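Student: I should like to go through this model and ask, term by term, how each description is justified.

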Amino acid sequence: MDVKPQQSANPQAAAKAGYKRAPAAKPKKDAWMRRLLARMPQLLPTSCALCGHAGRETLCQPCHKRFFTRQHRRCVQCALPMPVSGKELRCGACLKDRPAFDATIVATDYFAPSDQLALALKFGGDLRVAPLLARLIRDAALRTPVPGSDVKLALPTMLAPVPLARLRLQERGFNQALEIARPLSRLLDIPLHPTLLERTKETLAQSTLPLPARARNIARAFVIPYDAMDQVRGRHVGIVDDVMTTGATLNELAITLKRYGAKRVTNLVFARTLPG
């Protein structure tokens with residue numbers, strides 16, 4: 001067994017004994033490495049998620065221009081398309097049976113080929129799509145919902161993702177709403193509260209149910225944890241999700257939030273399903 005000589009506490013004695021003091025450790029110069037790692041997603045080869053064209057962007061500029069720059073008039077509450085003419089900001093359905101949420105911001109309608117982005121994330125596990133969807137939602141949040149007017153929707157002061165049931169989260173391995181909410185929080189500079197809402201009820205998948213049954217399926221499925229209750233009271237909460245179909249889940253979340261004192265609830269969603 002090797003035994004290291006005991007180093008003297010006296011530097012001069014150590015020098016006479018033939019020992020040399022080890023040089024002071026220098027700080028690691030790894031700033032360049034951190035910068036390189038930060039740029040890795042842009043440096044790695046990729047292709048457009050819609051057309052497959054090779055490039056550094058998840059969505060190429062031609063596809064972005066073709067599918068995500070057109071804007072039409074939407075109901076400020078549920079985000080369904082509305083006729084260009086008219087001064088009313090809400091659709092007939094929202095005027096007749098007003099949802100619990102106050103506004104909805106969407107990047108696009110849920111139809112081909114933009115629906116492939118949501119499907120690639122949710123069921124294909126393509127997590128590189130999440131920051132793209134966040135950027136598209138950010139763009140929608142910063143423009144007016146009524147083209148040609150000065151109508152503006154107030155942005156929320158806090159964000160929360162639609163929570164997944166525990167079993168579904170275990171099966172999928174991630175929550176697509178949270179994956180979108182993380183970069184969206186940074187883009188809009190709005191604090192994210194990942195665990196603000198909890199799903200306490202294992203519900204059936206909404207997509208498997210007829211439309212009238214969806215509200216019953218999701219009723220009383222969410223709660224706000226005790227330690228988060230004070231964060232909600234009097235606040236404007238933004239709920240992030242990938243797709244809005246009937247709005248039943250988002251409406252139940254808004255009911256829950258307002259039950260705990262939220263002042264306003266805005267949905268921030270990638271795609272809005274059109275009526276059949």
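Tutor: The discussion below takes up confidence, burial, salt bridges, backbone angles and strand pairing in turn.

Student: What kind of model is this, and what is the mean pLDDT of the protein chain?

Tutor: The model is predicted. The mean pLDDT of the protein chain is 83, and 80% of its residues reach 70 or more. Over residues 1-9 the pLDDT is below 50, and beyond near neighbours in sequence this stretch has four contacts in the model. Residues 36-43 also have a pLDDT below 50, with two contacts beyond near neighbours in sequence. Where pLDDT is low, the predicted coordinates should not be read in detail.

Student: What does the protein chain contain in helices and strands?

Tutor: The protein chain has 11 helices and eight strands. Of its 276 residues, 41% are buried. Among contacts with a separation of 6 or more, 69% link residues 24 or more positions apart. The accessible surface comes to about 16,400 Å², and carbon and sulfur atoms hold 56% of it.

Student: How do you know that the span of helix 6 is close to the expected one?

Tutor: Helix 6, residues 129-141, has 13 residues. The expected span takes 1.5 Å times one less than the number of residues, which for helix 6 gives 18 Å, and the first and last C-alpha atoms are 18 Å apart. Helix 11, residues 248-259, can be judged in the same manner: its 12 residues reach 16 Å, close to the 16 Å expected.

Student: Which residues of helix 6 are buried, and what covers them?

Tutor: The buried residues of helix 6 include Val129, Leu132, Leu133, Leu136, Ile137 and Ala140. Their cover includes helix 3, strand 3, helix 5, helix 8, strand 7 and strand 8. An α-helix has 3.6 residues a turn, so residues three or four places apart point the same way. In helix 11 the buried residues include Leu250, Leu253 and Leu257, together with Glu252 and Thr256.

Student: Why is the contact between Arg74 and Asp109 called a salt bridge?

Tutor: The cut-off is 4 Å between a side-chain nitrogen of Lys or Arg and a carboxyl oxygen of Asp or Glu. Arg74 and Asp109 are 2.9 Å apart, N to O, so the pair falls within that limit. Arg74 lies in the loop between helix 3 and helix 4 and Asp109 in strand 3, so the pair ties together parts that are 35 residues apart in sequence. The whole structure has six salt bridges.

Student: What makes Arg74 and Asp109 buried?

Tutor: Buried means under 20% relative accessible area. Arg74 has 12% and Asp109 has 3%, so both count as buried.

Student: How is the salt bridge of Arg138 and Asp139 placed with respect to the surface?

Tutor: The closest N and O atoms of Arg138 and Asp139 are 2.8 Å apart. Arg138 has a relative accessible area of 21% and Asp139 has 28%. Partly exposed covers the range between the 20% and 50% limits, so both residues are partly exposed. In the salt bridge of Asp230 with Arg233, the closest N and O atoms are 2.9 Å apart. Asp230 is exposed at 62%, a value over the 50% limit.

Student: What makes the backbone at Ala79 and Asp189 worth noting?

Tutor: Most residues other than glycine have a negative phi, and most peptide bonds are trans. Ala79 has a positive phi of about 70 degrees, and Asp189 has a positive phi of about 55 degrees; neither is a glycine. Ala79 lies in the loop between helix 3 and helix 4 and is buried, at 0% relative accessible area. Asp189 lies in the loop between helix 8 and strand 5 and is exposed, at 68%.

Student: How do you know that the peptide bond from Ala112 to Pro113 is cis?

Tutor: Its omega is near 0 degrees, and the bond is therefore called cis. Pro113 is in the loop between strand 3 and helix 5.

Student: Why are strand 4 and strand 7 called paired?

Tutor: Pairing requires at least two bridges. Four bridges join strand 4 to strand 7, which run parallel, so the requirement is met. One of the bridge partnerships is that of Met158 with Val237 in strand 7. Both faces of strand 4 are covered, with Met158 and Ala160 buried on one side and Leu159 and Pro161 on the other.

Note on methods. Residues are numbered from 1 along each chain as its sequence is written. Side-chain values use heavy atoms; hydrogens and water are left out. Helices (H or I, at least four residues) and strands (E, at least two) are DSSP runs, numbered from the N terminus. Buried means under 20% relative accessible area, exposed over 50%, partly exposed in between (1.4 Å probe, protein chains only). Contact means heavy atoms within 4.5 Å. Accessible areas come from the Shrake-Rupley method with a 1.4 Å probe; for residues, only the protein chains shown count as cover. pLDDT is the predictor's confidence in each residue, from 0 to 100.
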